[in-house]
Amino acid sequence: MAATNSRSCLQYLIHLAHDHLDFRLPEIKALLSLRGKPFTPSENFKEKCPFWCLEGLSEEDVCSVMARSVCAKSAFELWGHGQTHSELRTSLLNYPMENMTPFMRKDSTYRINVYTFNKTLEFADRIKRIDALDYLPFEGTVSLKSPQHVFCLLEDYGTDPNNIPEHPDYIYFGRWIADGQRELIRSHSVKNRHFIGNTSMEAGLSFIMTNHAKVKENDLVFDPFVGTGSLLVACSQFGAYVCGTDIDYNTIHGKGRSSRKNQKWRGVDENIRANLRQYGTEKMYLDVMVSDASKPVWRRTAVFDAIITDPPYGIRESTRRTGSNKDMTKPCDESHVPVSQEYHLSDIFSDLLNFSAHHLVMGGRLVYWLPVYRPETVRV
């Protein structure tokens, strides 16, 4: 029992992708909260650094985060660290032997990888670093193809590609536990998606928004500006039931001009349902409908576990809502395109917040994009 307790209080290292820097911390915090765990960084935590040391977690907690995160590349049980290889050696020799022994037995196989951030090492230099770890009591057999245990030496050379130091700023060594879900960005790329539009949300950001919203299995998720359904695709990947609305009749029904190069019109089966079918999650698709987000069409009941959306900003996609100064008394058929008028950004977000206040369940989350103006610094 003592061994179990000691292993539940280990320190873990998360290696993060160096993109979407502002979204990494909220994603990891949200995923940890799904496990009921706080985000507890080490004393020298730096948010922009690609390596984060976390405390107070179990290996199961870390694996749960990595099973969802698209911001994290890999996670390790941290065995030692230091500013120099000498400090690393001291740290490793002070690591409890009882924590190392289960992964160093004679009947086991292992491999040691060397990873460097912001610097490329020659193969010979990598071998030298591995050989320098001969003070560790490995008794198993090296297996490069299918080892039972993988260890990694990670060197951080800072974040400035124009000023790469000769020696690393910091060094870590640990046992690999799990990889993140970076593969989802490639497998769900809009370049290969069945149905796309001019403003389809890229896969990486769609999954980040899904994680920020803490979407989980059997949740009900709604997108009031659904477009071609990129956010529905991401949410359904994690087991949520999805639905949405959009004012654009042609987009909802998959009609009109295609956004693909060398294709004039959309095909017969180009629609949101086909996108979920492409990724094997069609069973999570409830439906979408043509609706104006500025008009109340839902019964005032809290039903959605999350509302995730990318509202139009009037740059690449017009901001319109139905309405006219004239009274419309003539009944309209299904294909009728109603008169529209300008829909100001302030009104869009006011309506979105009001809708969420009435239709989100307690504890539910609203996640949306907000345009921000960042003027470039003028140098004289």
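Here are some questions and answers about this predicted model.

User: Which strands make up the open sheet of five, and in what order do they stand?
Analyst: Happy to start there. The strands of this open sheet pair in the parallel sense, and the twist averages 15° from one strand to the next. Their order is S10-S9-S8-S11-S14.

User: Which two strands stand at the edges of that sheet?
Analyst: Look for strands with a single partner strand. Such a strand has one side left without a neighbour in the sheet, so it stands at an edge. The two are S10 and S14 (360-368).

User: Which residue of S11 stands opposite Phe 222?
Analyst: Strand S8 runs parallel to S11, and two bridges join them. Phe 222 lies in strand S8. Its opposite residue in S11 is Ile 307.

User: At about what angle does H9 run to S9?
Analyst: Two helices are worth a look here. H8 packs on the sheet where it touches S11 and S14, and its direction makes about 155° with that of S14. H9 lies across S8, S9, S10 and S11. Its angle to S9 is about 170°.

User: How many of the residues of H9 are buried?
Analyst: Helix H9 covers residues 230-237. Its buried residues include Leu 231, Leu 232, Val 233 and Cys 235, and what covers the buried part includes helix H8 (203-212), helix H11 (272-278) and strand S10 (285-290). Of the eight residues in H9, the number buried is seven.

User: Which residue just after H9 takes a positive phi?
Analyst: Follow the chain on from the end of the helix. The phi there is about 90°, and the residue is Gly 239.

User: Are the residues on the two faces of S6 buried or exposed?
Analyst: One side holds His 149, Phe 151, Leu 153 and Glu 155. The other side holds Val 150, Cys 152, Leu 154 and Asp 156. Both faces are covered, and eight of the eight residues in S6 are buried.

User: How many bridges join S6 and S7?
Analyst: S6 has pairings to S4 and to S7. Eight bridges join strand S4 (residues 109-117) to S6 in parallel, with Cys 152 as the bridge partner of Asn 113. S7 pairs with S6 in the antiparallel sense, and Leu 154 has Tyr 172 as its bridge partner there. The number of bridges between S6 and S7 is six.

User: Why does the pair of Phe 151 and Phe 173 count as stacked?
Analyst: Both residues are buried, and they sit 22 residues apart in the chain, Phe 151 in strand S6 and Phe 173 in strand S7. Their ring centres are 6.1 Å apart. Stacked pairs need planes under 30 degrees apart. This pair counts as stacked because its planes are at 5°.

User: How many residues apart in sequence are the parts tied together by Phe 222 and Phe 355?
Analyst: These two buried residues form a tilted aromatic pair, 5.4 Å centre to centre with 35° between the planes. Phe 222 lies in strand S8 and Phe 355 in helix H12 (residues 345-359), so the pair ties together parts of the chain whose separation is 133 residues.

User: Over which ring does the charged end of Arg 89 sit?
Analyst: There are two arginines to compare with rings. Arg 68 lies over the face of Phe 238, at 4.0 Å from the ring centre. The charged end of Arg 89 is 4.6 Å from the centre of its ring, which belongs to Tyr 135.

User: How many residues does the largest nonpolar core have?
Analyst: Residues with the most contacts inside this core are Trp 79, Leu 92, Leu 136, Phe 138, Phe 151 and Phe 173. Leaving aside neighbours within four places in sequence, Leu 136 is in contact with Leu 92, Met 100, Met 104 and Phe 173. Another core, of 31 residues, lies apart from it and has Cys 235 among its members. The largest core has 39 residues.

User: Is Asn 218 buried or exposed?
Analyst: Asn 218 lies in the loop between H8 and S8, with a positive phi near 75° although it is a residue other than glycine. Its relative accessible area is 51%. The cut-off for exposed is over 50%, so Asn 218 counts as exposed.

Methods
Residues numbered from 1 in each chain as written. Predicted model: local features only at pLDDT ≥ 70, side-chain atom pairs only at ≥ 80, totals over all residues. Heavy atoms only, no water. Buried < 20%, exposed > 50% of the residue type's maximum accessible area, 1.4 Å probe, protein only. Helix = DSSP H or I, 4+ residues; strand = E, 2+ residues; numbered from the N terminus. Contact = heavy atoms within 4.5 Å. Pairing = 2+ DSSP bridges. Axes fitted to C-alpha atoms, helices over the stretch in contact; angles between N-to-C directions. Phe/Tyr/Trp six-rings, centres within 6.5 Å; stacked < 30°, edge-to-face > 60°. Lys NZ or Arg CZ within 6 Å of the ring centre and 35° of its normal. Core = buried A, V, L, I, M, F, W, Y, C linked by side-chain atoms within 4.5 Å.
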